[in-house]
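Biologist: I am new to protein models, and I learn best by staying in one place for a while. Please choose one part of this model and take me through it closely, with its surroundings at the end.

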Amino acid sequence: MKTLFVKTYGCQMNVYDSARIADLLKPLGYAAAESPEEADMVVLNTCHIREKAAEKVYSELGRLRRAKEKRAELGRPLLIAVAGCVAQAEGEEIIRRQNAVDIVVGPQALHRIPEMVAKVERREGRALETDFAPEEKFDSLASAGADGPTAFLTVQEGCDKFCTFCVVPYTRGAEYSRPVAQIEAEARQLANAGVREITLLGQNVNAYCGRGPNGDAWSLARLLHRLAEIDGLDRLRYITSHPRDMGEDLIDAHRDLHKLMPYLHLPVQSGSDALLAAMNRRHTRDDYLRLVERIRAARKDIALSSDFIVGFPSETDSDFERTMALVREVGYAQAFSFKFSPRPGTPASGAGKQIPEKVKSERLLALQALLTTQQNAFAKSCENATMPVLFEKPGRKAGQAVGRSPYLQPVHVNDAEHLIGGIADVRIEHALPNSLRGSLADAPVLQRAAAR
Ligand code: SF4
């Protein structure tokens, strides 16, 4: 038996892909290793979104090269693979800069990993695959396995939006939607294995337009309605959405589908029209605010989260103030905010006037202080409410269990360990900085764990 360690960077789509890589390599005799030190094969499943992503991968590869040399002295080979978006962006350059690497595989070609591993094991040299063939990829992947009561399910990959700061259209390719039947079969399999909540993934998930059984194009809303019919599946989520693709049927789905959780990640990036245009976001501040109104009219209890970039090239004080004003107007339950950092090859990397680091840091601090205040206020508003919690794992204390609220907040509950895998009503007693604490409500348990 050989062992495999997959180190995952970045988004949930990479988490999903890493699990598929492990599934693909099982038939070749690779079982999971606890750490890279114990593994016969290490895969770095990389992300290109963060600053200096490629450099971080190269320094990790330097450590792995030393480990490989040590193992070679003991007669135990170590196979090193780089997967994901850095692999796609850097390609052959990775092997040129670090010759300890055996395999470079882009995100759309990861179904070819088994043959690439076999090639390396047969000592036929290194293997490189960075083709864009998402259809082939999903046809060849095994369905996702269940590892607890929640699971991710990729329904869409790639992006045609070309925001000027983002590498995704270059590393993941054009938008591709998986066929409905394939997604439904995977969702049913997950539900049968005890999964109660599925998060549908896509770089641009609400642009989903997969083929239905009759060959017609289905929207994300229609897909959600179909998945909501699956017995045992109690919660649906989707991420990440683009405001432009938030169609009326999807807004209505938030009103009509009680299984669709009242929590929506809807990135806006900036509150300034000038910057939204420079980012090529294809919507205005007003479009976004009107959209939020329509969503809230459809589902009163919905909570919103977002992404923000501060210090985008040529951002003025007044542009930044427009972002702060938008945040005050919307009121977010949660948000992610970053300083702009240029991604090589993207239009914004050489565009306009770059903003000094000091100014970026000051703006980020101010924005994060406001977002934290809103997050705390939202958590506080949950105190004394009773809400269904999906219990996922044991807590630190004996008998304690940790679950997720409908708004994705971690909830710690004593004497609830027996409910792991199931959903029960919890009365929220305290809002802590990053989690909630509560106790089981007097009402009977709503839904117990499905048979596993
Ligand atoms: S919509 Fe999202 S994934 Fe697509 S280019 Fe813009 S930021 Fe990147």
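Modeller: Gladly! Helices (H or I, at least four residues) and strands (E, at least two) are DSSP runs, numbered from the N terminus. The model is a predicted one, where local features need pLDDT of at least 70 and side-chain atom pairs count only at pLDDT 80 or more, while totals for chains, interfaces and linings use all residues. Residues are numbered from 1 along each chain as its sequence is written, and side-chain values use heavy atoms, leaving out hydrogens and water.

Let's stay with the open sheet, which has six strands in parallel pairing, ordered β2-β1-β3-β4-β5-β6. Two strands count as paired if DSSP finds at least two bridges between them. The edges belong to β2 (30-32) and β6 (127-129); each has a single partner strand, so one side of each is left without a neighbour in the sheet. From one strand to the next, the twist averages 20 degrees.

Now follow the pairings outward from β3. On one side, five bridges link β3 to β1 in the parallel sense, and Thr-8 can be found opposite Asn-45 in β3. On the other side, β3 and β4 also pair in the parallel sense, over five bridges, and here Met-41 faces Leu-79 in β4. One more step takes you from β4 (residues 79-83) to β5 (residues 103-105): these strands run parallel and are joined by three bridges. Look there for Ala-81, which stands opposite Ile-103 in β5.

Is β3 mostly covered or mostly open? β3 is mostly covered, with six of its six residues buried (buried is under 20% relative accessible area, exposed over 50%, partly exposed in between, using a 1.4 Å probe and protein chains only). In a regular strand, side chains alternate between the two faces of the sheet. In β3, Met-41, Val-43 and Asn-45 are buried on one side, and Val-42, Leu-44 and Thr-46 are buried on the other, which leaves both faces covered.

The sheet also has a helix lying across it. Helix α5 (residues 113-121) crosses β1 (2-8), β2, β3 (41-46), β4, β5 and β6, and runs at about 165 degrees to β5. Such angles run from 0 to 180 degrees between N-to-C directions, with axes fitted to C-alpha atoms, for helices over the stretch in contact.

Stepping away from the sheet, try the loop between β11 (235-239) and α10, where Thr-240 is found. A cis peptide bond joins Ile-239 to Thr-240, with omega about 10 degrees. After that loop, look at helix α10 (residues 248-256), whose axis comes within 8 Å of the axis of helix α12 (residues 285-298), crossing at roughly 35 degrees. Here Glu-248, Ile-251 and Arg-255 in α10 meet Leu-291, Arg-294, Ile-295 and Ala-298 in α12; contact means heavy atoms within 4.5 Å.

A last word on confidence, which pLDDT gives for each residue from 0 to 100. The chain averages a pLDDT of 91, and 95% of the residues score at least 70. Over residues 444-452, though, the pLDDT is below 50, and this stretch has 28 contacts in the model beyond near neighbours in sequence. Where pLDDT is low, predicted coordinates should not be read in detail.

Notes: pLDDT is the predictor's confidence in each residue, from 0 to 100.
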